[in-house]
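Student: Could you take me through one part of this model up close? I'd like to start with the aromatic rings and then see what else you'd point out.

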Amino acid sequence: MRVTNRLSRQLRASGRDDHRRAERSPYLAALVEGSLDRDGYAAMVAQHYFIYEVLEQAAAVMRADPVVGPFVTDRLTRLPALERDLRFLLGPGWRSAIGPGPATDRYTARMREVCFDWNGGFLAHHYTRYLGDLSGGRYIAEAVRRAYTLTGSDGTEFYVFDGIPDPAGFKETYRALLDATDWPDDERDRIMAELRIAYQLNIDVLDDLESAVRERAA
Ligand code: HEM
């Protein structure tokens, strides 16, 4: 296979512009520069809870798929960490204190539609979240800890992958798995289209969070 034809390269290239937009979202900018408060941060953790609930239900199903099953590992599972973060940030009544926003509802509906019986769709969503969490996620965690005086991993366990001490090595292995897949071009095109949808849904969730911050400030 030509190097330029690698699925890992194709995903990165197809997502580059959307990644830039996601990274520069006003909510994330405010979060990392410390101009929100802990509740403003907790609001994102709550939306992650609903997103990972569905993504990880899909992972449980896709674990048995011959092509994408190898991408599924308990080392990535985030839901228990999100529950602990929410308990820390919002207290024991956290579950009844949170609800999905409109963009989160669209995001989870989309995942229910494409991640449970289409392996390529699942992979697009899996890649978008977990490779991001293992990359920029670490930077976000440091900034959040500093800005909102969180110590250790209290409230930021989501960003701590105990089973992945070497994220760069893990991502390398993940990319090798991507490059070992053998989807035809038209299927790859569908996966790239789903990747862009996944990025857009994440941007929409961040925009909802930004609107909520502005409403609270008004
Ligand atoms: C402050 C916000 C963010 C920062 C600073 C950031 C930073 C980064 C960096 C530095 C990488 C490259 C890692 C590498 O080459 O191994 C990366 C990769 C990635 N990020 Fe982000 N990111 C942010 C937000 C996001 C968001 C919101 C998403 C989507 C939900 C996302 C998804 C991804 C993905 C899928 C990759 C892997 C790209 C690849 O294949 O190499 N990132 N990010």
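**Aromatic pairs and other contacts**

Tutor: This is a predicted model, and it holds 7 aromatic pairs. A pair of aromatic rings is described by the distance of the centres and the angle of the planes. Take Y49 and W94: their ring centres sit 5.2 Å apart and the planes make an angle of 80 degrees, so this pair counts as edge-to-face, given that anything over 60 degrees goes in that class. The pair also ties together distant parts of the chain, with Y49 in helix 3 (residues 38-62) and W94 in helix 5 (residues 94-97), 45 residues apart.

Now swing over to helix 2 (residues 26-33) and helix 8 (residues 136-147). Their axes come within 7 Å and cross at roughly 50 degrees, which makes helix 2 oblique to helix 8. On the helix 2 side you'll find L28, L31 and V32, and these meet Y139, I140, A143 and V144 of helix 8. Sort that contact by class and you get 7 nonpolar residues, with no polar and no charged ones.

The ligand is the last stop. There are 18 residues around it, and R12, H19, Y127, K171 and R175 come nearest. Among these, Y127 has a polar side-chain atom 2.5 Å from an oxygen atom of the ligand. For R175, a polar side-chain atom lies 2.7 Å from a ligand oxygen atom, and for R12 the corresponding distance from a polar side-chain atom to an oxygen atom of the ligand is 2.8 Å.

Conventions:
Residues are numbered from 1 along each chain as its sequence is written. This is a predicted model: local features need pLDDT of at least 70, side-chain atom pairs count only at pLDDT 80 or more; totals for chains, interfaces and linings use all residues. Side-chain values use heavy atoms; hydrogens and water are left out. Axes are lines fitted to C-alpha atoms, for helices over the stretch in contact, and angles run from 0 to 180 degrees between N-to-C directions. Helices (H or I, at least four residues) and strands (E, at least two) are DSSP runs, numbered from the N terminus. Angles under 35 degrees count as roughly parallel, over 145 as roughly antiparallel, 65 to 115 as roughly perpendicular and the rest as oblique. Contact means heavy atoms within 4.5 Å. Ala, Val, Leu, Ile, Met, Phe, Trp, Tyr, Cys and Pro count as nonpolar, Asp, Glu, Lys and Arg as charged, and the others, Gly among them, as polar. A residue is near a molecule or strand if one of its heavy atoms lies within 4 Å of it. A polar contact is a pair of N or O atoms within 3.5 Å; within protein, one must be able to donate a hydrogen and the other to accept it, and residues adjacent in sequence count only if both atoms are side-chain atoms. Rings of Phe, Tyr and Trp (its six-membered ring) pair if their centres lie within 6.5 Å; planes under 30 degrees apart count as stacked, over 60 as edge-to-face and the rest as tilted.
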